[in-house]
Amino acid sequence: MTAPTTLRHTFPKAEHLCLQRDIETLFSAGSRSLSVYPVRAVFRSVAADGGPRVKVLVSVSKRKLRHAVDRNRAKRQLREAYRLRKHTLTDALPEGMGLHVGLIWMAAAPQPSAAVARAVGRLLHALTERIAPAQTPGQRP
């Protein structure tokens, strides 16, 4: 009996949005955003360049969470929630299209991991609905 194929729940460095010019364009005009408390997602579609098609930035402001321990925990929660649910986004992405996403913490206090995971899951689901080409029943794929 063969083992079923498993999803690779990884978040390697190549999928991190690190370049300053990419971050600046993500937050410039033309970007769109969605919010599900305690997380806001800012996203921008880009042309796929041969690397990972989705790159993600995780941000927790010092103004929101003053203690480094709380900021680090929030970033860890965001990364973990994205890592486990990223397949919903990558599977729905049309061929030749890339996406830059910024996950931004909005809460002024630490949140339970389950609440963060639910929020990121809902954000990614809403994001797939926004980027997936809308197809009507009579339209060809």
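**Q111 and the sheet around it**

Student: Is Q111 buried or exposed in this predicted model?

Tutor: Buried means under 20% relative accessible area, exposed over 50%, and partly exposed in between (1.4 Å probe, protein chains only). Q111 counts as buried because its relative accessibility is 15%. The model is predicted, so local features need pLDDT of at least 70, side-chain atom pairs count only at pLDDT 80 or more, and totals for chains, interfaces and linings use all residues. Residues are numbered from 1 along each chain as its sequence is written, and side-chain values use heavy atoms, with hydrogens and water left out. The verdict on Q111: buried.

Student: Where is the place of Q111?

Tutor: Helices (H or I, at least four residues) and strands (E, at least two) are DSSP runs, numbered from the N terminus. Q111 sits in the loop between β4 and α3.

Student: Which residues does Q111 touch, not counting residues up to four places away in sequence?

Tutor: Contact means heavy atoms within 4.5 Å. On that basis, the list for Q111 is Y37, P38, R73, Q77, W105 and V116.

Student: The side chain of Q111 reaches which backbone oxygen?

Tutor: The separation is 3.2 Å. The oxygen belongs to A109.

Student: In what order do the four strands form the open sheet?

Tutor: Strands pair if DSSP finds at least two bridges between them. The pairing here is mixed. β1 (32-36) and β3 (54-59) are the edge strands, each pairing on one side only. The order is β1-β2-β4-β3.

Student: What is the bridge partner of F43 in β4?

Tutor: β2 (residues 39-47) and β4 (residues 97-105) pair in the antiparallel sense over nine bridges. The partner of F43 is V101.

Definitions and conventions: A polar contact is a pair of N or O atoms within 3.5 Å; within protein, one must be able to donate a hydrogen and the other to accept it, and residues adjacent in sequence count only if both atoms are side-chain atoms.
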